[in-house]
Amino acid sequence: MRKLQSQGVHHITLVGADRQTSIDFWEGLLGMPFVFDQPNLDDPDEGHIYFDPGDGRLITVFTNESRKPQRSRTPTDPGCVHHLAFSVSQATFWQAVERLDERGIRHSGPKDRGFMDSIYFKDPMGLLIELASYRFEPPEGCRHADVMIEAHRIRVARGDHHIDRIHLADAIEALTTRRHSSLSDDRSPKNPY
């Protein structure tokens, strides 16, 4: 047997409300450019609109003019989507409460997740949306996932409950030491004073 190797998320398709509500939410609130528009090729009564979430991948939404916003929470039964998380900068994250409040959108307020900050609110159809902001930048040549797996290993080895800033800092140091050469024979921590 061989794997069907994934190379990233191609797109996520959601069932949305009417066209304008969907555009107003995805572009008008979350700032995702509206990049493509066509009919739903499997249902002539629906539209299929596409948004760029910021990384060139796609979020697509099936729209129908007879569907109106429903604020009740989407199902969270096994097999259902619990929430979608979108990456935002720390600068944007710390503006989220004010910008959601000015629209009257109920939200969780900032949540400390150790390695990131999160805030939750619902889209017009009741799907839980998370704005997530990493508290770190990976070292040159590494991805966020590289730091996360290294921080996880450090956390487990120390018997700590969850990843926090100290694990991230130590992971970044370890990755930098492994991936970036130095002329020094001894790269251990020193006190130059």
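I started at the hairpin of E7 and E8 in this predicted model, where five residues lie between the strands. Gly126 sits in that hairpin with a positive phi near 90°.

Next I looked up how the two strands meet. E7 covers residues 116–122 and E8 covers residues 128–134. They run antiparallel, and I found seven bridges joining them. Two pairs went into my notes: Lys122 is opposite Leu128 in E8, and Ser118 is opposite Ala132 in E8.

Is E7 mostly covered or mostly open to the outside? I checked its seven residues, and six of them are buried, so I wrote it down as mostly covered, with buried meaning under 20% relative accessible area.

Then I turned to the other neighbour of E7. E6 is joined to E7 by two bridges, and this pair also runs antiparallel. One residue pair I noted here is Asp112 with its bridge partner Asp117 in E7. The hairpin of E6 and E7 has three residues between the strands, and Gly114 in that hairpin takes a positive phi near 80°.

Last, I stepped back to the whole sheet. In what order do its strands lie? I read E5-E8-E7-E6, an open sheet of four strands with mixed pairing. Why does one side of E5 and of E6 lack a neighbour in the sheet? Strand E5 (83–87) and strand E6 (111–112) are the edge strands, and each has a single partner strand, so one side of each is left free of a neighbour in the sheet. A reminder to myself: strands of a sheet pair through backbone hydrogen bonds, either parallel or antiparallel.

Technical notes. Residues numbered from 1 in each chain as written. Predicted model: local features only at pLDDT ≥ 70, side-chain atom pairs only at ≥ 80, totals over all residues. Heavy atoms only, no water. Pairing = 2+ DSSP bridges. Buried < 20%, exposed > 50% of the residue type's maximum accessible area, 1.4 Å probe, protein only.
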